[in-house]
Amino acid sequence: MWFAVPRSFHFVLKNKTLNLSILARSSDFRQFVNMTSHLVFVYGTLKRGQPNHEKMTNPDNGQATFIGEARTVEKWPLVVASKFNIPFMLDKPGLGHHVTGEVFKVDENMLDVLDELERHPVFYRRRLTNIQLTHTKDAISTADDMKAGEQEMCQSGEGTILECMCYFIPNFRDELLEITFDEAYDGYRNPRHAYIPREKRTMTKEEQRLHVRTYVQKQ
């Protein structure tokens with residue numbers, strides 16, 4: 001296994017079919033992507049092209065580097081619920097699907113912004129979980145000094161399993177387990193997921209929080 005680090009972030013793996021059985025041998029790669037930062041797996045409105053992704057791209061919030069598309073190693077129940085169609089991944093491993101999303105490398109400032117957005121640890125709770133990279137070509141294509149023909153060779157860690165931060169709902173109402181479990185969230189293209197952004201909600205900020213908390217959390 002080898003990787004190259006040019007001025008713009010990218011990495012190259014000789015073995016593109018890493019899996020759990022060889023996870024220990026990918027330690028160099030995992031150390032690289034964890035250097036002085038945090039890996040975060042996002043599965044909802046923070047993904048590229050989704051309603052809250054601007055949080056990830058705003059330089060005032062810190063730095064976030066797209067690593068690749070990914071999915072959870074374990075199955076989790078992902079539900080879209082409340083009046084605002086918010087995605088929630090319930091902390092109930094073994095149910096649902098291998099949830100798809102994206103991995104980002106973020107700095108401390110960005111992690112603080114995400115914690116505030118998700119109200120960690122009062123509402124969502126951030127913790128580590130195993131995530132498998134499934135597609136990293138988009139991350140590779142942003143590098144400005146790739147050699148000719150290198151794109152085809154750079155499957156860049158697809159199949160690699162990483163420990164990533166992820167936001168779960170730990171204390172949820174049992175009724176949420178009766179909602180349809182989703183494998184992927186799309187707040188724009190899936191009518192059932194149609195997200196209501198904060199600026200279009202008629203409730204005050206406190207009323208919104210009370211509604212979501214009452215709908216989701218055990219009392």
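This report looks at the cysteines, the nonpolar core and the main pocket of a predicted model.

## Ground rules

Residues are numbered from 1 along each chain as its sequence is written. Because the model is predicted, local features need pLDDT of at least 70 and side-chain atom pairs count only at pLDDT 80 or more, while totals for chains, interfaces and linings use all residues, and side-chain values use heavy atoms, with hydrogens and water left out.

## Cysteines without a bond

Let's start with sulfur. A disulfide is a covalent bond between the sulfur atoms of two cysteines. Here the count is zero, using a cut-off of sulfur atoms within 2.5 Å. Why does Cys164 not bond with Cys166? Their sulfurs sit 8.5 Å apart, which is too far.

Cys164 is buried, at 0% relative accessible area, and so is Cys166, also at 0%. (Buried means under 20%, exposed over 50%, partly exposed in between, with a 1.4 Å probe and protein chains only.)

## The nonpolar core

In soluble globular proteins, nonpolar side chains tend to be buried together. The largest nonpolar core here has 45 residues, and Val40, Phe41 and Phe88 are among those touching the most other members. A core like this is a set of buried Ala, Val, Leu, Ile, Met, Phe, Trp, Tyr and Cys residues joined through side-chain atoms within 4.5 Å.

Which residues does Val40 touch, leaving aside neighbours within four places in sequence? Its contacts (heavy atoms within 4.5 Å) include Val103, Leu111, Cys164 and Tyr167.
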